[in-house]
Amino acid sequence: MNAIRSHRRTRLAALATAVLLTAGAAGSAAAATDNDSSGHPREAAALTGTAKLYRPAGDDITFTFDAHLAAKDNMDPRKATGTFHFSHYTKTWGASADVKVDCLVTGGKVAVVTGIVTRADGVASPAVGKRVGVTVHDLGRHDRLGYSWAAVGAPGEGEPLPCTSSAPFEKIKAGSGDWKVLPWVPEYPQSNE
């Protein structure tokens with residue numbers, strides 16, 4: 001009887017090992033073929049698109065993103081590249097700014113991007129040379145957005161650290177555009193435990 005139980009345990013252990021090895025090989029194959037349409041490795045993370053914020057008073061507030069983290073820089077979000085632009089216009093005043101990306105982290109459908117303001121006008125002018133941050137939650141036609149200056153008043157005030165911003169509290173204006181978040185998948189080293 002003990003010999004039969006021992007044989008069953010050995011067969012179950014061998015079967016479990018085979019299942020684990022097959023799953024591991026399939027996971028490695030999937031990671032190896034995670035390419036874009038041209039066959040190159042998929043970029044590590046991205047935030048792209050243009051949309052306007054909803055404001056009942058009629059303010060025209062637009063954010064445009066073209067931020068990317070290359071596959072080769074997967075474990076260093078501070079090597080992100082690209083730009084983003086924002087503008088805010090009312091009937092009596094306006095301001096806009098261009099930003100060079102210095103950090104991008106995405107998780108699921110949420111992205112946090114920061115960068116240094118390279119050009120600004122209007123009330124945003126004092127932000128030139130300072131870091132600003134934006135958070136986007138990609139919810140399809142109901143995206144949300146937050147910005148680092150939400151609690152301090154103007155871009156460049158209360159300068160954030162790289163890849164930090166506020167919660168995405170603003171709503172997108174219906175039909176005004178869309179933002180797309182490409183989720184980041186960090187490659188952590190395997191443990192020897």
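Two strands count as paired if DSSP finds at least two bridges between them, and a strand is a DSSP run of E with at least two residues, numbered from the N terminus. This is a predicted model, where local features need pLDDT of at least 70, side-chain atom pairs count only at pLDDT 80 or more, and totals for chains, interfaces and linings use all residues. Residues are numbered from 1 along each chain as its sequence is written, and side-chain values use heavy atoms, without hydrogens and water.

**Exercise 1.** Find how many bridges join β6 to β7, and work out the direction of the pair.

*Solution.* Start with β6 (residues 131-137) and β7 (residues 144-147): four bridges join them, and they run antiparallel. Next, pick one bridge: Val134 partners Tyr147 in β7. Finally, look at the link: the two strands make a hairpin with six residues between them, and Gly140 in the turn has a positive phi of about 75°.

**Exercise 2.** Follow β7 to its other partner, β8, then place both in the sheet.

*Solution.* Two bridges join β7 to β8 (residues 170-171), again antiparallel. Here Leu145 stands opposite Glu170. Now zoom out: the open sheet has nine strands in the order β8-β7-β6-β5-β4-β3-β2-β1-β9, with antiparallel pairing. β8 and β9 (178-182) are the edge strands, as each pairs on one side only.

**Exercise 3.** Count the bridges between β4 and β5, and name the partner of Ala97.

*Solution.* First take β4 (residues 94-107) and β5 (residues 110-121): they pair in the antiparallel sense over eleven bridges. Then find Ala97; its bridge partner in β5 is Ala120.
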